[in-house]
2 protein chains.
Amino acid sequence: MAETPVRFGILGCANIARKVSRAIMLAPNATIHAIGSRSLEKASRFAAENGFPPSAKIYVGYEAVIDDPDVDAVYVPLPTSLHLKWAVLAAEKKKHVLLEKPVALNATELDTILEACESNGVQFMDSTMWMHHPRTAKMAEFLSDAQRFGKLKSIHSSFTYDAGPDFLKNDIRVKPDLDALGALGDAGWYCIRAILWAVNYELPKTVTALPGADFNEAGVILSCGSTLHWADGKAATFYCSFLTNLSMDIIPLGTKGTLRVHDFVVPLQEKVAPFYVSSNSRFMELALGCEPIPGEHAVTTELPQEALMVREFAGLIGSIKSGSKPEKKWPILSRKTQMVLDAVKVSIERGFKPVEVVN
Amino acid sequence: MAETPVRFGILGCANIARKVSRAIMLAPNATIHAIGSRSLEKASRFAAENGFPPSAKIYVGYEAVIDDPDVDAVYVPLPTSLHLKWAVLAAEKKKHVLLEKPVALNATELDTILEACESNGVQFMDSTMWMHHPRTAKMAEFLSDAQRFGKLKSIHSSFTYDAGPDFLKNDIRVKPDLDALGALGDAGWYCIRAILWAVNYELPKTVTALPGADFNEAGVILSCGSTLHWADGKAATFYCSFLTNLSMDIIPLGTKGTLRVHDFVVPLQEKVAPFYVSSNSRFMELALGCEPIPGEHAVTTELPQEALMVREFAGLIGSIKSGSKPEKKWPILSRKTQMVLDAVKVSIERGFKPVEVVN
């Protein structure tokens, strides 16, 4: 990491930008170069409160950030309805784009963003932090092990939290003009990504939303779920909610093994994250018990997952500076996630009818 | 328990009868009085191998067992297709009926059995052992706690095991003329009961089977799943299979609390069984972690759950001998479970369409 750190510009002072700002400062190959907000005072306060380096530029508005020739990459935590405009403008100014999830209001919008990134040769990545935790790689090893896990048959995932009255009244994630995808876009995004991750990113054939979604008065989804179905018979289910106590589960069941993780989105503890596996389980004589007891694997990490995400993103930018092409994996994963999310939304709108996922 | 122990007659030498025979011998208020089998040699061997008391009668055929005036109650582990005939005959001979699950091929058959039990004043109970583990009562306390769990929003359950090639070729549970309900009747029964238990036995409004069930060549279900939906928006999903490594999960999510249990059907260890709860969880500052870490509750039991089941059943019989009426709770739970099971089966047969659960 002897190269010049990648210089980030941050668009807006969203709450989540506090965590990612810290991550940029923790990542060895990244630095905060600028932040822009509609209010100079708000941006200055944000920079001071979050320990930005004294050199960090404070801009009024987002345009000034993407116009700054010293900004290499932008982090975009704006409301989803603004992603299309600002991600495209940033790409056109040759800024690499780290985009909060949900990446867009729909796959058509996302395609415009991805085309802008591709035609301008900039890296795109969505800000799905858990993908970058070393635990995720360890769990993927287990899932791909023919002896320990076998063939995947079923997956269940949930991401729920009790958002509380202030959030349910005021947060952008319950406002139809800001984050129209509500809990599906916020929490459901993670479940869908988790399921796709577990099936090695094979798109399902159909999705069917669970009857009984919750909506606010403006029609924004506050909780929902879905089943996903693949041609080979694999089945997945998920549930996401702003109205339910915390759960962050992925439970893939294979012919030979079982994996469980209960804090996949945000590890309960920053430096050590567990998952639980059992393989080739069997009932004991007279079925008086079962063996083996699932084993706990605790994966430690010096850097939190969001800093590892920034490091990975900045590393790809470093490679591009040295002549490589942008890494295509990340936009592909974003697009698949968005496609399934769109299909769940359509299923809800059609009264929980099955919807084909068409690439 | 100074009363005379309840004297059980066992119909047949099914594998599961070994476990329940041990339970009858462990229960302080029960004893084995007789066993009947189509083969005298088989019944004699079964009695010897399972440590039956020397006084135990060995009969050829099931009729001799229910004709024995000293038999108070029968345990019926016969293939499901034989339940209707033998449970009804036993009830007509005033024998109390402990019936293996699935209790019948459908709710209509079950109604005939239950009518026979009711009109003959005998106790009916299905052999769903985990209902009787003290852990189950402890978990129910948590679910009914408005402060720690709140209102139930979603439940997921699974019971899967890798049955293996010999089972998949020869076991009664894959034979259409013996246990036509396959994995749904065997493993799915537990998931459905778990879900009903978690919602305080309120029947769902509709069920919709997950696309992608597995069948054997004779059309018997080897794996399947379903969603369940209540009028108030509660959502449940389950997955059951003979083709997947062991999982035995119930995960109810409430507005204020989360419960997880991973060995609800057969505790991994006989004398101590854990479950995991968290309440009023929250993200820490910057969402760098979450509190609280879910707490483990380990529930110990001197008697295994199947012996507690026998003790409960025998206790009810003791009360009936003293003039009480049969306890209506157990037939009601069996019937609700069977009704949901029937609806899932119909949904599968109709190509995974929603099916109303009509009482």
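This dialogue introduces a predicted model through questions about how its features are named.

Trainee: What are the conventions behind the model?

Mentor: Residues are numbered from 1 along each chain as its sequence is written, and chains are lettered from A and ligands numbered from 1 in the order in which they are written. Because the model is predicted, local features need pLDDT of at least 70 and side-chain atom pairs count only at pLDDT 80 or more, while totals for chains, interfaces and linings use all residues; side-chain values use heavy atoms, with hydrogens and water left out.

Trainee: How many helices and strands are there in chain A?

Mentor: Chain A has 10 helices and 18 strands. Helices (H or I, at least four residues) and strands (E, at least two) are DSSP runs, numbered from the N terminus.

Trainee: Why is chain A called as compact as a globular protein of its length?

Mentor: The radius of gyration of chain A is 21 Å, close to the 21 Å that the globule rule gives for 359 residues, so the description holds. That radius is taken over C-alpha atoms, and the rule is 2.2 Å times the number of residues to the power 0.38. Along the principal axes, the C-alpha atoms of chain A fill a box of roughly 70 × 50 × 40 Å.

Trainee: Why is A:Ser334 called buried?

Mentor: Buried means under 20% relative accessible area, exposed over 50%, and partly exposed in between (1.4 Å probe, protein chains only). A:Ser334 has 0% relative accessibility, so A:Ser334 counts as buried. This serine lies in helix H10 (residues 329–349) of chain A. Leaving aside neighbours within four places in sequence, its contacts (heavy atoms within 4.5 Å) include A:Phe124, A:Asp126 and A:Trp189.

Trainee: What makes A:Leu303 buried?

Mentor: The relative accessible area of A:Leu303 is 17%, so this residue is buried. A:Leu303 is found in the loop between strand E17 (295–300) and helix H9 (305–321) of chain A. Not counting residues up to four places away in sequence, A:Leu303 touches A:Leu26, A:Pro28, A:Leu308 and A:Arg311.

Trainee: How do you know that the length of helix H1 of chain A agrees with what is expected?

Mentor: The expected span of a helix is 1.5 Å times one less than its number of residues. For the 12 residues of helix H1 (residues 15–26) of chain A this gives 16 Å, and the end C-alpha atoms are 18 Å apart, which agrees. Among the buried residues of H1(A) are A:Ala17, A:Val20 and A:Ile24. What covers the buried residues of H1(A) includes strand E1 (6–11), helix H2 (40–49) and H9 of chain A.

Trainee: Why does A:Cys290 form no bond with the closest cysteine sulfur?

Mentor: A disulfide is a pair of cysteine sulfur atoms within 2.5 Å. The sulfur of A:Cys290 is 14 Å from the closest one, in B:Cys191, so the two are too far for a bond. By this rule the count is zero disulfides over all chains. A:Cys290 counts as buried, at 2% relative accessibility.

Trainee: What makes the relation of chain A to chain B that of a two-fold axis?

Mentor: A rotation of 180° with 0.0 Å of shift along its axis superposes chain A on chain B, at an RMSD of 0.0 Å. That is the relation of a two-fold axis. The superposition is by least squares on the C-alpha atoms of residues with pLDDT of at least 70 in both copies. Of the residues of chain A, A:Thr237 comes closest to the rotation axis, at 3.7 Å (C-alpha).
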